[in-house]
Amino acid sequence: MDTLLSWVLPVVHGGLGNLAAYLAAHVLLCLLPAFFIAGAMSALIPKETVTRFLGRNSSKAVSYPAAAAAGSLLAVCSCTIVPLFAGIYKKGAGLGPAITFLFFAPAANILALVYTGGIIGPDLAVARFLLSLTFGIGIGLIMALIFRSDDAAHDRATDTAFGAQGAGMGRMALVFLSVWVALLLAGTLKLDVLTGTYLSFEVPLADAQSWQAALDRLVPYDAAKGEEGVSLQGVVLIGLLGAIGFAAWRGLENIVEGASAWTWISLGLIAATLLVAALWVQPVEGGLHIGLTGKFFAVAAALAVLHFIVRHRLNEDELRDWLWESWRFVKQIFPLLVVGVFIVGMIRVLIRPEWIQMLAGTNSLTGNLAGVVFGVFMYFPTLVEVPIAKMFLELGMHRGPLLAYLMSDPELSLQSILIISAIIGRKKTFTYVGLVALFSAAAGLIYGAWIDGASLLMLALYLAGFIALLAVLLSVASRHTSSLKGV
């Protein structure tokens with residue numbers, strides 16, 4: 001019994017520590033704005049606005065590059081992208097463009113590419129961008145081809161659900177959505193103007209350093225291993241997150257009947273929590289050193305604009321629909337996220353670093369598939385996966401499997417798989433997972449072959465041949481579909 005407990009307790013502790021670190025560091029300035037953006041897209045934007053660029057009947061030369069371009073600007077992890085994916089898909093985006101957005105945004109956004117180039121090397125950053133773009137569009141096209149009947153049915157369903165709305169997007173809805181996106185970017189971008197501290201003060205708290213030391217022992221912090229730990233600020237944020245959950249349950253669950261005092265309490269708590277999350281807090285001798293960062297001022301400005309719009313520019317129906325749709329996304333996604341992060345934390349305790357060199361030390365099919373598997377079960381939030389990749393490299397992982405890891409880690413985390421399944425169904429999710437695993441391994445093999453001395457021209461020809469074959473298959477399938485419609 002003691003032996004079993006000695007094995008089980010560290011695993012459970014790893015799961016709880018991973019969950020605590022994730023909730024403290026990533027949910028607030030990333031995920032909360034994403035839920036509200038998804039709710040706004042679902043409630044306030046006419047279907048025609050989305051389908052003009054991302055619809056299943058839009059020109060592929062427009063819809064797929066547009067999906068990739070939109071994703072490239074969002075420096076957020078897959079768990080934050082998933083609510084946005086759910087929002088555009090529910091609103092009528094074609095499955096293919098939506099999948100391209102889902103794949104490309106966390107895998108090859110601008111910040112991830114810059115960070116990859118700076119930490120590991122520009123060659124890997126360029127390979128990550130080119131192969132993520134090519135394969136992201138390819139995966140979207142294949143998904144649209146395989147599930148074209150389901151995609152057409154989904155398109156008709158969104159026609160029914162949103163048929164009463166006009167074709168134009170209101171100016172205020174666009175401003176409202178843009179401010180939320182600005183808040184999301186302000187909270188996640190690592191720019192000097194945002195991370196710099198402009199004002200600071202100290203709060204007396206005699207035991208601050210000892211409390212932080214106790215937290216460090218409870219939830220270890222080691223950036224080289226991807227361990228983020230939990231700070232005193234993080235504990236406060238987790239407590240506020242619990243308060244938001246209770247207030248939202250009381251104030252948003254019955255929002256269709258109208259806003260109540262609990263509705264405004266929940267929104268006030270969310271605003272206060274976002275501001276606390278944007279502070280720089282450091283325990284010092286005798287207290288806490290608190291800095292007002294550029295991020296804090298940017299978030300405060302965005303919240304002030306959002307408050308004005310909510311109170312004076314959204315009518316009662318728009319406010320109700322936006323809050324209800326946002327709350328529905330929270331109920332659908334957040335529980336699965338918690339379960340997934342907890343399970344991943346337990347699995348990470350069991351995976352040994354020495355396995356990396358043994359399984360992924362060469363640019364083989366097995367090695368690249370091992371890189372994909374590490375991406376699934378050793379998920380790290382965006383940007384954290386880059387120093388982890390450097391650690392893998394130092395432990396002996398070949399650069400080919402390393403690229404396979406960097407392409408799969410943001411896409412195939414266990415929690416993301418659970419959430420995507422709830423949005424598009426198990427069959428589509430399993431197909432997507434299989435395609436991402438296959439294409440990530442192929443990307444690793446191609447890049448690894450170049451590292452090992454293969455001709456760049458030959459690899460380019462292989463890649464061009466793949467694209468040509470894909471185009472032929474899509475063309476044949478499109479003609480077949482058109483002939484069936486004409487019968």
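This passage looks at one helix pair and one sheet in a predicted model.

Start with the helices. Two packed helices are described by the angle between their axes and the distance between the axes. For helix α4 (residues 60-72) and helix α6 (residues 95-108), the axes come within 8 Å and cross at roughly 30 degrees. Angles under 35 degrees count as roughly parallel, so that is the label for α4 and α6. The crossing of α4 past α6 is right-handed. On the α4 side, the contact is built from Ser63, Tyr64, Ala67, Ala68, Ala70, Gly71 and Ser72, while α6 brings in Gly96, Pro97, Thr100, Phe101, Phe104 and Ala105. Sorted by class, that makes eight nonpolar residues and five polar ones, with no charged residues in the contact.

Now for the sheet. It is an open one, with three strands lined up as β1-β5-β4 and paired antiparallel. The edges belong to β1 (197-204) and β4 (280-284); each has a single partner strand, so one side of each has no neighbour in the sheet. From one strand to the next, the twist averages 20 degrees. Five bridges hold the antiparallel pairing of β4 with strand β5 (residues 287-293), and Trp280 has Gly291 of β5 as its bridge partner.

Helices also pack on this sheet. Helix α12 (residues 208-218) touches β4 and β5, and its direction makes about 105 degrees with that of β4. Helix α15 (residues 294-312), in turn, lies across β1 and β5 and runs at about 60 degrees to β5.

Notes:
Residues are numbered from 1 along each chain as its sequence is written. This is a predicted model: local features need pLDDT of at least 70, side-chain atom pairs count only at pLDDT 80 or more; totals for chains, interfaces and linings use all residues. Side-chain values use heavy atoms; hydrogens and water are left out. Axes are lines fitted to C-alpha atoms, for helices over the stretch in contact, and angles run from 0 to 180 degrees between N-to-C directions. Helices (H or I, at least four residues) and strands (E, at least two) are DSSP runs, numbered from the N terminus. Angles under 35 degrees count as roughly parallel, over 145 as roughly antiparallel, 65 to 115 as roughly perpendicular and the rest as oblique. A crossing is left-handed if the near helix is turned anticlockwise from the far one by less than a right angle, and right-handed if clockwise. Contact means heavy atoms within 4.5 Å. Ala, Val, Leu, Ile, Met, Phe, Trp, Tyr, Cys and Pro count as nonpolar, Asp, Glu, Lys and Arg as charged, and the others, Gly among them, as polar. Two strands pair if DSSP finds at least two bridges between them.
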